[in-house]
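Trainee: I've got this model open and I'd like a close look at a single part of it. Could you take me through the salt bridges, and then set them against the rest of the fold?

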Amino acid sequence: MTERDRPALFTLRLPPSPWARKAIGAAAVVAVVLVWAAITFGKTPETRLVSPVVLPSPAEVVGSVKSLVTERALFQSIAATLWRVVLGFGLAVAIGVPLGIMAGSWRVLAGAQLSSSGPVIDAAAAPLALFGRNIPIAALIPLTILWFGIGESQKVMFIFLATLPFVFSDTVTAIAGVADRYVDTAQTLGARAWQVVRKVLVPLAMPDVYNSLRNLFGLAFGYIMLAELINAKYGLGYLLSTSQRRGMTEHIILILVVIGLLAYGIDRLLFWFQKGLFPYRKQDG
């Protein structure tokens, strides 16, 4: 059978339609839940394939929602976690994006002979960003404790230090990825260096910068779980840690579900803004 004669389902690298993608995703979730229910079915631990200590049933996990909300302050923990991530990641964006624009722009502009000192910015920052991207995240925990104590500032600065190198590097990549023909055209029309940066490079690179920040926010949301293991009164990471110590497996699974739903909801919200901000760019959601 030739490639042309094969059914569309098996066509190489053919992306599914949006509705097909959603249907397949929903079917996968239903299949996982059904398997989960099957291996945890039974009124007593002895009649189950998997002990409830190891894996509670879906009904037991759903039944623990009330106690997690009323007895363990789930909503306060969600608010605390989101606040820490927003502060830390927001600080990383406020510093990393402008620095990345400068490093990426002046490297490009130097290549276009608009600045003879431009490469200094990128050359100086690149090794630091490379070091920051490759340092083990867990290693930042003792360092931030030493610098900022064990309070809220430690958790915020942990997110800041963990995400800043990625924000900076991805911004540099987006700026440097703008085609040279746009810079050349602006030069031909008499634009100065800062005009090229402000009116050409930044507008053209901003869709890629935003998409990178959207993905990095999810990364920061995962990182905060590490910081919340240290002297936290609220937070999803704190709830996970205390649930593990108390042997509350149903709460562990429920918190993981909450984390997944929160991450998905935030990503969809950011994607909705992305479509509104950059309607001229094809968005892969």
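Mentor: Here's a walk through the charged pairs, with the overall fold before them and a couple of other spots after.

Keep in mind that this is a predicted model. The protein has eleven helices and zero strands, so reading from the N terminus you just get α-α-α-α-α-α-α-α-α-α-α. Of its 285 residues, 38% count as buried. Among contacts with a separation of 6 or more, 70% join residues 24 or more positions apart. The accessible surface comes to about 16800 Å², and carbon and sulfur atoms hold 68% of that.

Now the charges. Side chains of opposite charge can pair when their charged atoms come close. A search of the whole structure turns up five salt bridges, and I'll go through some of them.

Start with Arg 48 and Glu 60, whose side chains meet at 2.8 Å, N to O. Arg 48 sits in the loop between H1 and H2 while Glu 60 is in helix H2, so this pair ties together parts that are twelve residues apart in sequence. The two ends differ in cover: Arg 48 has a relative accessible area of 12%, which makes it buried, whereas Glu 60, at 32%, is partly exposed.

While you're in that loop, look at Thr 40, which also lies between helix H1 (18-39) and helix H2 (58-63). Thr 40 is buried, with just 1% relative accessible area. Leaving out residues up to four places away in sequence, Thr 40 touches Arg 48, Leu 55, Pro 56, Ser 57 and Pro 58. So the Arg 48 that pairs with Glu 60 is also one of the contacts of Thr 40.

Next comes Glu 228 with Arg 84, where the closest N and O atoms are 2.8 Å apart. Glu 228 lies in the loop between helix H9 (193-227) and helix H10 (236-246), and Arg 84 in helix H4, so the pair links parts 144 residues apart in sequence. Both Glu 228 and Arg 84 are buried. There's a network here too: Arg 84, Glu 152 and Glu 228 are linked by salt bridges.

Then take Arg 214 and Asp 267, which meet at 2.9 Å, N to O. Arg 214 belongs to helix H9 and Asp 267 to helix H11 (residues 249-277), so parts 53 residues apart in sequence are tied together. Arg 214 counts as buried, at 7% relative accessibility.

Glu 152 leads us to H7, which covers residues 152-176. At 1.5 Å a residue, its 25 residues should span 36 Å, and the end C-alpha atoms are 36 Å apart, so the two agree. Even so, H7 bends by about 40° at Thr 163, with Pro 165 following within four residues. H7 is mostly covered, with 19 of its 25 residues buried.

Finally, go back to helix H4 for something without charges. Leu 91, Ile 95, Leu 99, Met 102 and Trp 194 form a nonpolar patch on the surface, with about 450 Å² of accessible area together. Helix H4 (residues 74-111) gives the most to this patch, with four residues. Ile 95 is in H4 and counts as partly exposed because its relative accessibility is 32%. So helix H4 holds Arg 84, the partner of Glu 228, and also contributes to the nonpolar patch.

Methods: Residues are numbered from 1 along each chain as its sequence is written. This is a predicted model: local features need pLDDT of at least 70, side-chain atom pairs count only at pLDDT 80 or more; totals for chains, interfaces and linings use all residues. Side-chain values use heavy atoms; hydrogens and water are left out. Patches are made of residues with over 30% relative accessible area and no salt bridge: like charges are joined within 9 Å, nonpolar side chains (Val, Leu, Ile, Met, Phe, Trp, Tyr) within 5 Å. Accessible areas come from the Shrake-Rupley method with a 1.4 Å probe; for residues, only the protein chains shown count as cover. A salt bridge is a side-chain nitrogen of Lys or Arg within 4 Å of a carboxyl oxygen of Asp or Glu. Helices (H or I, at least four residues) and strands (E, at least two) are DSSP runs, numbered from the N terminus. Buried means under 20% relative accessible area, exposed over 50%, partly exposed in between (1.4 Å probe, protein chains only). The expected span of a helix is 1.5 Å times one less than its number of residues. The bend at a residue is the angle between axes fitted to the seven residues ending there and the seven starting there. Contact means heavy atoms within 4.5 Å.
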